[in-house]
Amino acid sequence: MRAIVIKRPGGPEVLTLEEAADPQAGKGEVKVRVKAAGVNRADSLQRMGHYPSPPDSPPDIPGLEFAGVIEELGPGVDHLQVGDKVFGIAGGGTYADFVIAHSRCVARMPVNLSFVEAAAVPEVFITAYDAMVSQCVLASGETVLIHAVGSGVGVAALQLGKLFGARVIGTARSEDKIQRARSCGLDHGLIIRDGKFAEQVKSITNGAGADIIVELVGGHYINEDVHCVATKGRIIVVGLVAGLHCDVDFGQVLRKRVTIKGTTLRMRPLEEKILATRMLENHIVPLIEKGLLKPMIDKVLPLAQASEAHEFMDKNKNFGKIVLELSK
Ligand SMILES: NC(=O)c1ccc[n+]([C@@H]2O[C@H](COP(=O)([O-])OP(=O)(O)OC[C@H]3O[C@@H](n4cnc5c(N)ncnc54)[C@H](OP(=O)(O)O)[C@@H]3O)[C@@H](O)[C@H]2O)c1
């Protein structure tokens, strides 16, 4: 099969198109012919040598999500059929013609989406739904602050926030991304130039602060978060592109009785990934099929141009998702 391989840690140029051995489906697994694969920030981190894949995934083929067709059933799989259109998350290896997935870690594809559109859904909508709805228990009427609102996860969180009746404040470092987020329903956009936003969030909320903060940037943003989160507010740390460390004023955390949580999808054990996939099929697919949620795709490139896709993402140019198309 064709596969994009990380030859050595480095920039986008280390991604090479190669021939690799076809993987085989084991007991309880399925072999999926990947038609399209979403590109994620974690793929860049893996390419740079900062985020190794979990032990049960290929160490050198990136890719966390796929949409495709079941090619082969492993022993013991009787609830799926060869030819079914499926999509889902993987620990790695989706930048390739075939990927092996546990049979409960694939979801049926929404009937109204193409393979390219479907490949833009699993990672960002599962992450956003799990963080905001399942873990932070978003209620209608609450205010949500979403950092990097133009990122793949950011746009998914924005759509979910609006659908669940929240007021959404979003941050980005350019006017262009804020404008594009406004066209997706963003209520208040903040262009961040000096890393500061707490005073503006307090002003928008008449001093009350944001009930939920979806932290996709990390670093020094987290201390600003604790200064503009509401009493009994929830901060969920999903991404750390700006850094792993910062000084936090825990006086604010204590006085306001704030909950700060961290979350990750890729490193979860199989049983939790199965639950995440069931949530995708049972809660997110129906909303997509009703036209209430839509994948936001910025760029589609063929597999051979994976390094261009990474370069675009590393330069923070994408609004929403980048997708690699493997075959029609
Ligand atoms: N925990 C999990 O399970 C999980 C799952 C998926 C994603 N994530 C994380 O969630 C975040 C979004 O992921 P994604 O794949 O959707 O990302 P993405 O589409 O690549 O977007 C990331 C955006 O972050 C902003 N950014 C980058 N560096 C920054 C910095 N130093 N300061 C401020 N903003 C910065 C940029 O937007 P602007 O141009 O607007 O600044 C960039 O476009 C990432 O941190 C990723 O690692 C975590």
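Domain bounds here come from an automatic or database domain assignment. This is a predicted model: local features need pLDDT of at least 70, side-chain atom pairs count only at pLDDT 80 or more, and totals for chains, interfaces and linings use all residues. Residues are numbered from 1 along each chain as its sequence is written.

**Exercise 1. The two domains**

State how the protein chain is divided, and describe the contact between the parts.

*Solution.*
- Step 1. The chain splits into domain 1 (2–121 + 267–325) and domain 2 (124–262).
- Step 2. Their centres, taken over C-alpha atoms, are 27 Å apart.
- Step 3. Domain 1 puts 16 residues into the contact, and domain 2 puts in 15 residues. Two residues are in contact if their C-beta atoms, placed from the backbone, lie within 7 Å.
- Step 4. On the side of domain 1 that touches domain 2, helix H9 (residues 270–289) gives the most, with 6 residues. Helices (H or I, at least four residues) and strands (E, at least two) are DSSP runs, numbered from the N terminus.
- Step 5. Sort that side by class: 11 nonpolar, 3 polar and 2 charged residues. Ala, Val, Leu, Ile, Met, Phe, Trp, Tyr, Cys and Pro count as nonpolar, Asp, Glu, Lys and Arg as charged, and the others, Gly among them, as polar.

**Exercise 2. Two helices**

Find how H3 and H9 are oriented to each other, and list the residues of their contact.

*Solution.*
- Step 1. Take the angle: H3 and H9 pack at about 90°, and their axes are 10 Å apart. Axes are lines fitted to C-alpha atoms, for helices over the stretch in contact, and angles run from 0 to 180 degrees between N-to-C directions.
- Step 2. Classify it: H3 and H9 are therefore roughly perpendicular. Angles under 35 degrees count as roughly parallel, over 145 as roughly antiparallel, 65 to 115 as roughly perpendicular and the rest as oblique.
- Step 3. H3 brings Pro-122, Phe-125, Ile-126, Tyr-129 and Asp-130, while H9 brings Ala-276, Met-279, Leu-280, His-283 and Ile-284.
- Step 4. By class, this contact of H3 with H9 has 8 nonpolar, 1 polar and 1 charged.

**Exercise 3. Around the ligand**

Say which residues come nearest to the ligand, and where the shell draws its residues from.

*Solution.*
- Step 1. There are 27 residues around the ligand, and Ser-151, Gly-152, Ala-172, Gly-239 and Leu-265 come nearest. To be near, a residue needs its C-beta atom, placed from the backbone, within 6 Å of the molecule.
- Step 2. Helix H1 (41–47), helix H3 (122–135) and helix H4 (152–163) are the elements that give two or more residues to this shell. H3 gives the most, with 3 residues.
- Step 3. Each of domain 1 and domain 2 supplies at least three residues of the shell.
- Step 4. The shell divides into 12 nonpolar, 11 polar and 4 charged residues.

**Exercise 4. Buried or exposed?**

Place Ile-213, Val-137 and Asn-316 as buried, partly exposed or exposed.

*Solution.*
- Step 1. Set the cut-offs: a residue is buried if 20 or more other C-beta atoms lie within 10 Å of its own, exposed if 12 or fewer, and partly exposed in between.
- Step 2. Ile-213 is in strand S11 (residues 210–215). It has 30 C-beta neighbours inside 10 Å, so Ile-213 is buried. Beyond four places in sequence, Ile-213 is in contact with Leu-145, Asp-225, Val-229 and Ile-235.
- Step 3. Val-137 lies in the loop between H3 and strand S8 (143–146). It has 10 such neighbours, so Val-137 is exposed.
- Step 4. Asn-316 sits in the loop between helix H10 (306–314) and strand S15 (321–325). With 16 other C-beta atoms within 10 Å, Asn-316 is partly exposed.
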